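Trainee: Could you take me through the labels attached to this model, and show for each one how the value stands against its cut-off?

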Amino acid sequence: MTTGASAVHGAFVQLSEGSFHYRYWSGTPTGRPPALLLHGGAASTEVWNRIAPALARTRPVYAMDLRGHGLSPRTPIGTYQLWRAADDVTEFITALSLQQPLIIGHSWGAAVALVQAAAAGTRHPAPGASALVLAEPPPTFTTPRVTESAEAAAELAGRPLDELSALCSVFFPDRDGTELRALCHGLHHTTPTVIRSYTTDAAEHPDLVPLIADARPPLLLMRSDPKVRSVIDTASWDRIHAYLPATGTMLHIPGADHDIHRSRPDAFLAAIQAFAASTSSPSHRERQPHEGGTNV
């Protein structure tokens, strides 16, 4: 399959917990670090079908199915702690020899990316990222908004694709065919028990916000529009600002729902590209944290 200037390929890599599925997009070589995309809960690599080809115009792009999702292994219930999924990411980076990747995570995947970045050089010698993009990471997995969303996904998970297609077209009338197929793929290739387990197991980190101060690479944290749907409330947003390192940036995307990469793909891409360009500048580490987003 070819999309624009990049071709997408599917493959598997053997990690400690089994054979993990990933996709990669080969675009024009520019010498820039590869990007690694981490999907949210009840999703798969399919959610990046629009974002990945655009990123591949300037760098190699990889997206992995996290444990229990897509075509990757379903590990035993009770093994979906964020640190375990983060270890999968670390092994993946090492196995594929990804040199200082730009790691982009959404929702549960953003929480996994944050834990992986905070653990680099502490829990074990973890390969470092060149930069980190966290889109809508839940500050905690214990809030009603998070648990209710996970339970709604669990009610649909594991159903046949044709049944999901009919249901999702009714539940999500604003999504086009590409988005509906990605949504159905993610739900079909996981189970209710996996979704409930990753939500419960992630709650072992009752407060993820302090980890932001431990993230070593330059960091961009994106929040969707709370008037539409965001898992980051105002109090948590203010706390994040207090923990943000000097190389961190906070960005609010007006009009976006929780799935920023779907609801505002142009703004999502523009923010990543501007951030990636700024992190390649030697002066980046002198920049102060700031908020913005109204003009992206």
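Mentor: We will go through charged pairs, burial, strands and nonpolar cores in turn.

Mentor: Keep in mind that this is a predicted model, in which local features need pLDDT of at least 70 and side-chain atom pairs count only at pLDDT 80 or more, whereas totals for chains, interfaces and linings use all residues. Residues are numbered from 1 along each chain as its sequence is written, and side-chain values use heavy atoms, with hydrogens and water left out.

Trainee: What makes the pair of arginine 23 and glutamate 46 a salt bridge?

Mentor: The term requires a side-chain nitrogen of Lys or Arg within 4 Å of a carboxyl oxygen of Asp or Glu. For arginine 23 and glutamate 46 the closest N and O atoms are 4.0 Å apart, and therefore the pair is counted under that rule. Arginine 23 sits in strand S3 (residues 18–26) and glutamate 46 in the loop between strand S4 (35–38) and helix H1 (51–55), so that 23 residues separate them, where helices (H or I, at least four residues) and strands (E, at least two) are DSSP runs numbered from the N terminus. The structure holds 12 salt bridges.

Trainee: Why is arginine 23 called buried, and what is glutamate 46 called instead?

Mentor: Buried means under 20% relative accessible area, exposed means over 50%, and partly exposed lies in between (1.4 Å probe, protein chains only). Arginine 23 has 10% and is therefore buried, while glutamate 46, with 21%, is partly exposed.

Trainee: How do you know that aspartate 174 and arginine 262 form a salt bridge, and which parts of the chain does the pair tie together?

Mentor: Their side chains meet at 3.7 Å, N to O, which satisfies the distance condition given above. Aspartate 174 belongs to the loop between helix H5 (161–171) and helix H6 (177–188), and arginine 262 to helix H9 (residues 260–263), so the pair ties together parts that are 88 residues apart in sequence. The two ends fall into opposite classes of accessibility, because aspartate 174 has a relative accessible area of 55% and is exposed, whereas arginine 262 has 15% and is buried.

Trainee: What other partners does arginine 262 have, and what joins them into one network?

Mentor: A salt bridge also links arginine 262 to glutamate 179 (3.8 Å, N to O); glutamate 179 is in helix H6, 83 residues away from arginine 262, and both residues are buried. Through salt bridges that share partners, Arg50, Asp174, Asp176, Glu179, Asp257 and Arg262 belong to one network. Between the side chains of arginine 262 and aspartate 257 there is, in addition, a polar contact of 2.6 Å, a term for a pair of N or O atoms within 3.5 Å, of which, within protein, one must be able to donate a hydrogen and the other to accept it, residues adjacent in sequence counting only if both atoms are side-chain atoms. Leaving out residues up to four places away in sequence, arginine 262 touches Asp174, Arg175, Glu179 and Asp257, contact meaning heavy atoms within 4.5 Å.

Trainee: What makes S4 and S6 a pair of strands, and which way do the side chains of S6 point?

Mentor: Two strands pair if DSSP finds at least two bridges between them. S4 and S6 have 4 bridges in the parallel sense, so the condition is met, and leucine 38 stands opposite glycine 105 in S6. S6 (residues 102–106) also runs parallel to strand S7 (residues 131–135) over 5 bridges, with isoleucine 104 facing valine 133 there. Leu102, Ile104 and His106 point one way from S6, Ile103 and Gly105 the other way, and all are buried. In a regular strand the side chains alternate between the two faces of the sheet.

Trainee: Why is a set of residues called a nonpolar core, and how many residues has the largest one here?

Mentor: The name applies because its members are buried Ala, Val, Leu, Ile, Met, Phe, Trp, Tyr and Cys residues joined through side-chain atoms within 4.5 Å. The largest has 63 residues, and those with the most contacts inside it are Leu36, Met64, Leu82, Phe92 and Phe141. Helix H3 (residues 108–119) gives the most to this core, with 9 residues. Another core, of 30 residues, lies apart from it and has Ala56, Ile104, Ile253 and Ala276 among its members.
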